[in-house]
Amino acid sequence: MDENTLPSDLAARPRSQEGGVPVPFACEHEDGGFGLREVSKRRAIRCALSRICGLCGISLGWPVAFLGSPEEVDDNALHFPPVHEACADAALSLYPALGAGVLAIDGPPDAWVLLTTGGAQSYHEVGYRPGDVLLGGRESAGVPDEVHASAELRVRVPMVAGRRALNLVTALAIVLGEALRQTGGFPS
Ligand SMILES: [Zn+2]
């Protein structure tokens with residue numbers, strides 16, 4: 001992501017020596033120390049109580065975005081506090097580029113799989129890997145063009161012509177089911 005397109009509050013955060021990326025608010029300790037791969041418990045609590053963004057540390061409005069791995073979604077336990085949509089968009093290109101576990105993801109995603117009505121491939125005709133991260137945008141507007149362009153896989157749920165589109169959660173659930181089936185993600 002271009003430095004000039006970073007949300008200004010995120011751009012103003014202290015920088016990590018590793019990759020020069022902004023240190024997420026939720027990863028900073030009260031003494032100023034931080035670890036990009038850990039969420040500070042105190043900061044997570046502050047985010048929850050004060051409704052502030054885990055990335056830029058500024059008040060949240062609506063809507064909010066959540067960042068996490070498929071495993072966290074399965075467990076219904078997301079570790080990273082909610083963030084602004086713009087901060088989440090920035091994080092998708094900033095932090096995976098470090099190539100290591102950041103934002104409570106154990107390793108870099110194998111692929112960002114974007115669910116989109118503009119997807120070239122039907123969701124059941126592609127191969128998923130265990131480290132893939134599923135991504136969906138706003139139902140009204142989808143995702144920004146640069147996110148669309150940077151996703152390794154773009155998939156769609158085929159629809160009968162003329163029918164109303166599925167809502168995002170339903171469509172994601174369909175794709176997630178197929179991805180879990182292919183990767184042996186269901187408990188036996
Ligand atoms: Zn933010």
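# Exercises on a predicted model

The protein's secondary structure amounts to six helices and six strands. Helices (H or I, at least four residues) and strands (E, at least two) are DSSP runs, numbered from the N terminus. This is a predicted model: local features need pLDDT of at least 70, side-chain atom pairs count only at pLDDT 80 or more, and totals for chains, interfaces and linings use all residues. Residues are numbered from 1 along each chain as its sequence is written.

## Exercise 1: Confidence and overall layout

Task: give the order of the elements, the buried share and the confidence of the protein.

Solution.
- Step 1. Reading from the N terminus, the elements run α-α-β-α-β-α-β-β-β-α-β-α.
- Step 2. The protein has 188 residues, of which 30% count as buried. A residue is buried if 20 or more other C-beta atoms lie within 10 Å of its own, exposed if 12 or fewer, and partly exposed in between; C-beta atoms are placed from the backbone.
- Step 3. Take the contacts with a separation of 6 or more: residues 24 or more positions apart account for 57% of them. Two residues are in contact if their C-beta atoms, placed from the backbone, lie within 7 Å.
- Step 4. Mean pLDDT is 80, and 89% of the residues reach 70 or more. pLDDT is the predictor's confidence in each residue, from 0 to 100.
- Step 5. Over residues 98-102, pLDDT stays under 50. The model has twelve contacts beyond four places in sequence for this stretch.

## Exercise 2: The sheet

Task: work out the strand order of the open sheet and find its edges.

Solution.
- Step 1. Strand 4 (residues 121-122) pairs with strand 6 in the parallel sense, over two bridges. Two strands pair if DSSP finds at least two bridges between them. Here glutamine 121 stands opposite valine 155 of strand 6.
- Step 2. Strand 6 also pairs with strand 3, in the parallel sense, over three bridges. Leucine 114 faces arginine 154 in strand 6.
- Step 3. Strand 3 and strand 5 run parallel and are joined by four bridges. Leucine 114 stands opposite leucine 135 in strand 5.
- Step 4. The result is an open sheet of four strands, order 4-6-3-5, with parallel pairing. Strand 4 and strand 5 are the edge strands, each pairing on one side only.
- Step 5. Helix 6 packs on the sheet and touches strand 3, strand 5 and strand 6. Its direction makes about 160° with that of strand 5. Axes are lines fitted to C-alpha atoms, for helices over the stretch in contact, and angles run from 0 to 180 degrees between N-to-C directions.
- Step 6. Strand 6 has two faces: Leu153 and Val155 are on the covered one, Arg154 and Arg156 on the uncovered one.

## Exercise 3: The core and helix 4

Task: identify the contributors to the largest nonpolar core, then account for the enclosure of helix 4.

Solution.
- Step 1. The core holds 38 residues; Cys53, Leu55, Cys87, Ala91 and Val113 touch the most other members. A nonpolar core is a set of buried Ala, Val, Leu, Ile, Met, Phe, Trp, Tyr and Cys residues joined through C-beta atoms within 7 Å.
- Step 2. At least two core residues come from each of helix 4 (85-94), strand 3 (112-115), strand 5 (133-136), strand 6 (153-156) and helix 6 (168-182).
- Step 3. Helix 4 gives the most, with six residues.
- Step 4. Helix 4 is largely enclosed by the rest of the structure because seven of its ten residues are buried. The buried ones are Cys87, Ala88, Asp89, Ala90, Ala91, Leu92 and Leu94.

## Exercise 4: Backbone exceptions

Task: locate a cis peptide bond and a positive phi outside glycine.

Solution.
- Step 1. Start from the norm: most residues other than glycine have a negative phi, and most peptide bonds are trans.
- Step 2. The bond from tryptophan 62 to proline 63 is cis, with omega near -5°. Proline 63 sits in the loop between helix 2 (41-50) and strand 1 (64-65).
- Step 3. Arginine 51 is not a glycine, yet has a positive phi of about 50°. Arginine 51 is found in the loop between helix 2 and strand 1.
- Step 4. Arginine 51 is partly exposed because 13 other C-beta atoms lie within 10 Å.
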